[in-house]
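The exercises below ask the reader to trace part of a fold step by step. Please keep the sequence and the model at hand while working through each solution.

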Amino acid sequence: MRAMQQWLAATAAVREQEGLVRRADVERNPQSRSHLLDLASNDYLGLADDPRVQTAATEAIERFGTGARASRVVTGTTTAHDDLELALAGLTGQPACLGFSSGYTANLGLLTALGDQDTLIVSDTHIHASLIDGARLSRSPVAICPHAELDALAHLLRTRDQPRAVVLVESIYSVLGDAADLPRIADLCAEHDALLVVDEAHGIGVRGDGRGAVYAAELAGAEHVVVTATLSKALGAQGGAVLCSPLLREHLVNTARTFIFDTALAPSAAAAAAAACRIIAAEPQRVAALHRAAATIAGAAGVAVAPGAVQSIPVGSPDAALAAARELHEQGVVVGCFRPPSVPDGISRLRLTARATVSLARAEAAAATAARFALATP
Ligand SMILES: Cc1ncc(COP(=O)(O)O)c(C=O)c1O
């Protein structure tokens with residue numbers, strides 16, 4: 001154990017020296033949440049606090065218990081899972097849906113079920129860790145495509161040796177907040193007989209009146225486009241899903257290891273997310289409020305308004321980003337602070353997340369404070 005202890009201490013020292021220490025601090029007084037301005041969480045539409053979503057969860061606990069008790073393929077599938085899959089497929093305009101215990105396991109399950117030596121996975125450099133890990137675990141050859149470079153993507157697809165290919169993108173990229181050009185990428189995939197996997201973690205509830213960017217691009221239900229989702233951001237719950245054809249859903253039920261060998265999503269989380277889907281479909285004004293907050297934050301921060309909720313403000317150094325986040329925290333504002341290695345281009349950023357339920361005046365003041373720390377644009 002001495003070698004391991006020495007290694008742990010040495011890597012901790014390097015993190016400390018480079019200002020890259022992450023903390024998972026406990027929020028000891030949840031009451032204080034009501035006084036804080038939350039510009040950091042992913043509850044984009046404020047649905048985690050919606051009484052209808054909360055009631056759906058508590059009723060599911062009373063009916064099914066606090067946990068699912070088993071894998072979906074043993075006894076873990078309940079009517080709450082069925083209802084969630086119908087509601088999410090309905091919201092996003094997809095033919096079928098399969099729930100997972102998280103967005104992370106949805107991506108791992110999908111890619112490991114699709115990949116093999118005869119399938120090239122083409123991965124955009126900015127995709128989420130869960131897609132990267134899924135690609136690594138899939139046993140497929142993986143080609144890395146520079147971010148959003150469609151000529152490079154076409155070249156990789158055209159010159160591949162493998163009969164099948166899977167292209168991985170996010171509809172709204174999580175760290176920089178930019179959008180993928182889905183119509184053109186889907187066209188390229190169709191032309192080169194590739195399957196397009198779009199991670200809509202930051203798109204559902206945000207683009208297309210909340211129905212997602214794939215829906216907005218009129219690609220929902222296209223045979224060559226698959227969507228993955230998390231239930232833990234705009235849907236205010238917990239869990240993940242794959243939205244796809246019935247044929248692929250059946251394949252996943254039979255082969256996705258994170259579906260088969262994982263306890264099912266808690267029924268209360270499934271019920272909460274199903275309620276959230278119905279609210280989003282009925283109340284597009286929530287999504288409009290989110291975009292008003294996004295425009296206010298971006299305007300006050302002096303950055304171009306991003307297509308998703310996250311407004312990303314480049315800041316000089318990791319220390320400057322930390323100092324800005326601390327100053328905002330002293331003013332009762334919580335923001336995201338992203339530093340290397342979590343930023344693909346090595347530029348530290350403050351992330352101010354627009355949410356439908358924030359006070360616009362407070363969000364504007366917070367963004368103006370953040371702007372003082374921003375890198376001057378050339
Ligand atoms: C793009 C993207 N995909 C997948 C995930 C994982 O989702 P979950 O938190 O439900 O595991 C996240 C969440 O951080 C994400 O941002």
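**Exercise 1.** Determine how many bridges join S3 to S4 and in which sense these strands run.

*Solution.* Step 1: S3 and S4 run parallel and are joined by four bridges; strands count as paired if DSSP finds at least two bridges between them. Helices (H or I, at least four residues) and strands (E, at least two) are DSSP runs, numbered from the N terminus. Step 2: within this pair, aspartate 124 stands opposite cysteine 145 in S4. Step 3: with helix H6 (residues 129-137), S3 and S4 make a right-handed β-α-β unit. Right-handed means that, with the strands pointing away from the viewer, the path from the first strand over the helix to the second runs clockwise.

The model is predicted, so local features need pLDDT of at least 70 and side-chain atom pairs count only at pLDDT 80 or more, while totals for chains, interfaces and linings use all residues. Residues are numbered from 1 along each chain as its sequence is written, and side-chain values use heavy atoms, with hydrogens and water left out.

**Exercise 2.** Establish whether the residues of S3 are buried or exposed.

*Solution.* Step 1: buried means under 20% relative accessible area, exposed over 50%, and partly exposed in between (1.4 Å probe, protein chains only). Step 2: six of the six residues of S3 are buried, so the strand is largely enclosed by the rest of the structure. Step 3: Thr119, Ile121 and Ser123 point one way, whereas Leu120, Val122 and Asp124 point the other way. In a regular strand the side chains alternate between the two faces of the sheet.

**Exercise 3.** Place S3 in its sheet and identify the edge strands.

*Solution.* Step 1: the sheet is open, with seven strands in the order S2-S8-S7-S6-S5-S3-S4 and mixed pairing. Step 2: strand S2 (96-100) and S4 are the edge strands, each pairing on one side only. Step 3: S3 also pairs with S5, in the parallel sense over five bridges, and isoleucine 121 stands opposite valine 166 in S5.

**Exercise 4.** Find which residues of helix H7 (residues 150-158) are buried and what they pack against.

*Solution.* Step 1: Leu150, Leu153, Ala154 and Leu157 are buried. Step 2: seen down the axis of H7, these residues fall within an arc of 100° (taken from the directions from the helix axis to the C-beta atoms), so they line one face of the helix. Step 3: they pack against strand S3 (119-124), strand S4 (142-145), strand S5 (164-170) and helix H8 (182-191), where contact means heavy atoms within 4.5 Å.
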